[in-house]
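Biologist: I should like to learn how a contact between two chains is read. May we go through one case together?

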Amino acid sequence: MRYALSFRTKMPPALLLAATPRLLTLSPVDVAVIALYFAMVIGIGFYLKRFTTTGEDFFLAGRDMTAWIAGLSFVAANLGSLELMGWAAAAYQYGILATHWYWIGAIPAMLFLGIVMMPFYYISKTHSVPGYLQLRFGEPSRALSAITFGVMTVLMSGINMYSMALVMKVILGWDIHFSIWVSSLTVAAYVFLGGLLSAIFNEVLQFMLIWLGGLVVSIVGLIETGGWNGMVARIHHNFPGQDFTHLWSGLGHFAGNPMGIHWTGIVLGLGGVIAFGYWTTDFLVVQRVLSARDLRSAEMAPIIGAGFKMMVPFIVILPGLLGLAVLPEHLVGEAQAVATGAHSYNEVLPLMLARYCGPGLLGLGITALIAGFMSGMAGNVSAFATVWTYDIYRAFVRKDAGDSHYLAVGRWCTVLGVLVSIGAAYLVMQFLSIMDYVQALFSFFIAPLFGTVILGMLWPRATNAGGFWGLLAGTVSSVCMWIWVKVDPSALAYIALSPRARDMAENMYRALWSWIICVVVTVVVSLATQPRPKEELAGLVYGCTQLPETAALPLYKRPVFWATLVAVALVALNLLFW
Amino acid sequence: MHEHKGMISIWFFIGVLLLAYGVLIFAAGVYDVFQPPAKPVVLARLHAGVWWGLLLLAMGLFYSIRFRPKKSQGN
């Protein structure tokens, strides 16, 4: 899930840029490591340009990716700009509870995408999620989904770009304009040249670098603490009376854990609606799977991705927990950090890098952070270019142009998307409160969209009107609930079932309610309107679609077998850290 | 692995980069062994740079050789 990191955002930007001392200093070897990375990603873009000659090449990587490549890219695109730093910070603040966003908040949804939903996305030959909505529910649903996705994607990309530049300013002292322009123009160049093909190739490279750059801290940290048990003992010593190391045992009461959340919020809100909404309908990630070369690869890609996703906490959450155990000072929230000059939660990963990484390794760690940002931004930009070209431009502006025209439009949309993102980054720099609003806006669309898509795939009786009005009602209700709590904070007791709920808990319950409203409205309107003939739903809906038989395949070639193995591992890990 | 139109495998690119990183980080780690910095990192005695550099070097060599472009590729 995309992480929203508010890095010293309570401070006026001008003051911030002038006041923050750098946390790390790079050696020439570190600079060489980072420069090599930039040279390689640009080089890959130039190399792949010759293979990107049609719209299908540019927007769907020729639909020729293996399950492994599509699966790794699927996970890497989600890593986003500040995944490593953001979730390490969350782990320092909330403890191992942050792992829920990687396990129950991702794995079941990814497996569901692979086993249940992917056949319909793939067999329908759609190029996007809004494209599926058009096939299933008609143009109004596609238009609503495409426009909101397009606008929110570039705005989010801009916010992430600004956040990343701020991080580089704070930890390395880099000029904020330098960071914004160099990183974004690099992404623009390689996506412009090679489209999704280039984005996917670089995402696989970036995924490797993120692992190799992030794993050092975890390994050396565990050596310092004497293993997991030693780390837990040190955390208990440093923070007596607080529970940072149990996943579930503190979730029986809102006050029993650092996050102020009840297990129902985690299971139904995060693991249910939010996770399923994000992992199964956010085109940023689904696009990677649509690039698979055949249906079996498309089904396997999210399952392979789930296997890797399950391991990401070892490079993201573990450094945060190690920070609780070994850092000599207690990190604090952003407001307190600004007021007192202490280090904030958000600085835990750079502090750990500085603690363990000498010349070269530090450069690798910083490269991992930059790679995370670039993979997320490339995901945003390539998804934006596809949705804008196919679902807005071709649908409503010019319907009958040739493939080469749409290919050119896609390339220039990449540049446009990056420029709008840069504009959004500068807008946020001037008006920081925009960041909070846009991040909230993005969350409004995910949960209802999942309600619409899942009913569309599994319920033949759902009608075009039902799909559109359900999506609209779910989205509007989510906005209204958000405004209600802003205007009257006591409303939190109704939305999140507890006045003690924190922001994350509020988001989860708001998602749950908006999904329920979407589903109820879709069902009621569908029952009151004329259904489409079943023959029109072939390839789009369960029960109307002939799915390929897998009974003749050996067990190890069946996606269900691997999904079961991943699910068993998920249960075992949750029991282990209960 | 991707086999689209005789394209060089992504794993080859990864191998080349890891190879270069391995050389750089291993060399920097060895330099630190003989010229320890004024402010060493925690657990500097483990020489993490040396071991990690060797790991990257080994991975880089494996991927570069295993997925090197064939004559029919990379036109």
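The dialogue below turns first to chain B and then to its contact with chain A.

Modeller: Please bear in mind that this is a predicted model.

Biologist: How many helices and strands does chain B have?

Modeller: The secondary structure of chain B consists of two helices and zero strands. Of its 75 residues, 37% count as buried.

Biologist: What share of the contacts in chain B between residues at least 6 apart in sequence joins residues at least 24 apart?

Modeller: That share is 83%. As for the surface, chain B exposes about 4300 Å², and carbon and sulfur atoms supply 68% of that area.

Biologist: How is the size of an interface expressed?

Modeller: It is often given as the accessible area lost when the parts come together. Here, chain B and chain A bury about 3300 Å² between them, with 79% of it on carbon and sulfur atoms.

Biologist: Which helices of chain B supply at least two residues each to the side that touches chain A?

Modeller: Helix H1 (10-34) and helix H2 (48-66) of chain B each do so. H1(B) gives the largest share of that side, with 13 residues.

Biologist: How do the residues on that side of chain B divide by character?

Modeller: They divide into 24 nonpolar, seven polar and three charged residues. In total, the contact takes 34 residues from chain B and 42 residues from chain A.

Biologist: How many salt bridges and polar contacts cross the interface of chain B and chain A?

Modeller: The rule finds zero salt bridges there, whereas five residue pairs, both residues at pLDDT 80 or more, are in polar contact.

Methods. Residues are numbered from 1 along each chain as its sequence is written. Chains are lettered from A and ligands numbered from 1 in the order in which they are written. This is a predicted model: local features need pLDDT of at least 70, side-chain atom pairs count only at pLDDT 80 or more; totals for chains, interfaces and linings use all residues. Side-chain values use heavy atoms; hydrogens and water are left out. Helices (H or I, at least four residues) and strands (E, at least two) are DSSP runs, numbered from the N terminus. Buried means under 20% relative accessible area, exposed over 50%, partly exposed in between (1.4 Å probe, protein chains only). Contact means heavy atoms within 4.5 Å. Accessible areas come from the Shrake-Rupley method with a 1.4 Å probe; for residues, only the protein chains shown count as cover. Buried area is the accessible area (1.4 Å probe) that two parts lose on being put together, summed over both. A salt bridge is a side-chain nitrogen of Lys or Arg within 4 Å of a carboxyl oxygen of Asp or Glu. A polar contact is a pair of N or O atoms within 3.5 Å; within protein, one must be able to donate a hydrogen and the other to accept it, and residues adjacent in sequence count only if both atoms are side-chain atoms. Ala, Val, Leu, Ile, Met, Phe, Trp, Tyr, Cys and Pro count as nonpolar, Asp, Glu, Lys and Arg as charged, and the others, Gly among them, as polar.
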